[in-house]
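Reader: I should like a close look at one part of this structure, followed by a connected account of what surrounds it. Please keep to what can be read from the model itself.

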Amino acid sequence: QVQLVESGGGLVQAGGSLRLSCEASGGTFSRYAMGWFRQAPGKEREFAASINWNGASTYYADSVKGRFTISRDNAKNTVYLQMNSLKPEDTAVYYCAAGVSTMFVRTTPFQWGQGTQVTVSS
C-alpha cells in the first residue's frame, strides 16, 4: 500500500499564501490520480482539487478555483497544493488522497494522508 504524508500547513494572515506538500511512499505513485480535501470544524470533508496521473488534467471546486493550484512531481513522488489569496473560510485540516482516476479520487479514494492544519486569520 501507498503511504501519504502531508506537510506545509500553518498560520497565515488573510490574503497570504501557503504551499502544501504530500509525499507518497510505497506503491506506484505515477499510476495514481491525486486529490486534496479539507475539513473545517463541525463540517463534512469537502473536495478541493484533483490531478490525473501525469499532471495533464486538473479540476477544482468552485470555492478554490482561481486561488489554488494543484501540481505533481512524479520523480519526487509528491503532489502540491499552492494556496493564494487565502480567506478565513479556508481554515481547515487539509488531506491528500490517492485514487485510481480523477473521478474515483473525488468519490472513493483508496488511501488518505493524516492531514495538516491550515489556519487563516482575519
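What relative accessibility does Asn77 have, and how does this residue count: buried, partly exposed or exposed?

Author: The model is a predicted one, and the values below are to be read accordingly. Asn77 has a relative accessibility of 31% and therefore counts as partly exposed, since that class lies between under 20% for buried and over 50% for exposed. Asn77 is placed in the loop between β7 and β8. The backbone at Asn77 deserves attention: its phi is positive, at about 55°, although Asn77 is not a glycine. Most residues other than glycine have a negative phi.

Ser85 may be set beside Asn77. Ser85 is not a glycine, yet it has a positive phi of about 50°. Ser85 lies in the loop between β8 and β9. With a relative accessibility of 40%, Ser85 counts as partly exposed.

The loop between β8 and β9 also holds Asp90, which is paired with Arg38 of strand β4 in a salt bridge whose closest N and O atoms are 2.8 Å apart. These partners are 52 residues apart, and their pairing links distant parts of the chain. Both Asp90 and Arg38 are buried. Asp90 forms a salt bridge with Arg67 as well, with 2.7 Å between the closest N and O atoms. Arg67 belongs to the loop between β6 and β7, so this pair ties together parts that are 23 residues apart in sequence. Arg67 is buried, as is Asp90. Through shared partners, salt bridges join Arg38, Glu46, Arg67 and Asp90 into one network. The count of salt bridges in the model comes to 4.

The loop between β6 (58-60) and β7 (68-73) also contains Lys65. The side chain of Lys65 meets that of Asp62 in a salt bridge of 3.2 Å, N to O. Asp62 has a relative accessible area of 68% and is therefore exposed. Lys65 can also be related to Ala48: these two are 17 residues apart in sequence, and their C-alpha atoms are 8.7 Å apart in space.

The strands on either side of Asn77 lead to the interior. The largest nonpolar core has 27 residues, of which Met34, Trp36, Leu81, Met83 and Tyr94 touch the most other members. At least two residues of this core come from each of β3 (18-25), β4 (33-39), β5 (46-51), β7, β8 (78-83), β9 (92-99) and β11 (116-121). Another core, of 6 residues, lies apart from it and includes Ala33, Phe47, Ala97 and Val105. Beyond its neighbours within four places in sequence, Met34 is in contact with residues including Leu4, Cys22, Phe29, Ile51, Ile70, Val79 and Val105.

Strand β9 can be followed through Val93, which is placed in that strand. The C-alpha atoms of Val93 and Val118 are separated by 6.0 Å, although these residues are 25 places apart along the chain. Residues up to four places away in sequence aside, Val93 touches Phe37, Arg38, Gln39, Gly115, Thr116 and Gln117. Arg38, named among these contacts, is the residue that pairs with Asp90 in the 2.8 Å salt bridge.

Gln111 and Phe110 complete the account. Gln111 is found in strand β10, and its relative accessibility of 19% makes it count as buried, because the limit for that class is under 20%. The side chain of Gln111 reaches the backbone oxygen of Val2 at 3.1 Å. With residues up to four places away in sequence left out, Gln111 touches Gln1, Val2, Leu4, Cys96, Ala97 and Ala98. Phe110 lies in the loop between α1 (102-107) and β10 (111-112). Phe110 counts as partly exposed, at 39% relative accessibility. Together with Val100, Met103 and Phe104, Phe110 forms a nonpolar patch on the surface, and the accessible area of these four residues comes to about 430 Å².

Definitions and conventions
Residues numbered from 1 in each chain as written. Predicted model: local features only at pLDDT ≥ 70, side-chain atom pairs only at ≥ 80, totals over all residues. Heavy atoms only, no water. Helix = DSSP H or I, 4+ residues; strand = E, 2+ residues; numbered from the N terminus. Patch = residues over 30% accessible without salt bridge, like charges linked within 9 Å, V, L, I, M, F, W, Y side chains within 5 Å. Areas by Shrake-Rupley, 256 points an atom, 1.4 Å probe, with all protein chains shown as cover. Buried < 20%, exposed > 50% of the residue type's maximum accessible area, 1.4 Å probe, protein only. Polar contact = N/O pair within 3.5 Å; in protein donor to acceptor, adjacent residues only side chain to side chain. Contact = heavy atoms within 4.5 Å. Core = buried A, V, L, I, M, F, W, Y, C linked by side-chain atoms within 4.5 Å.
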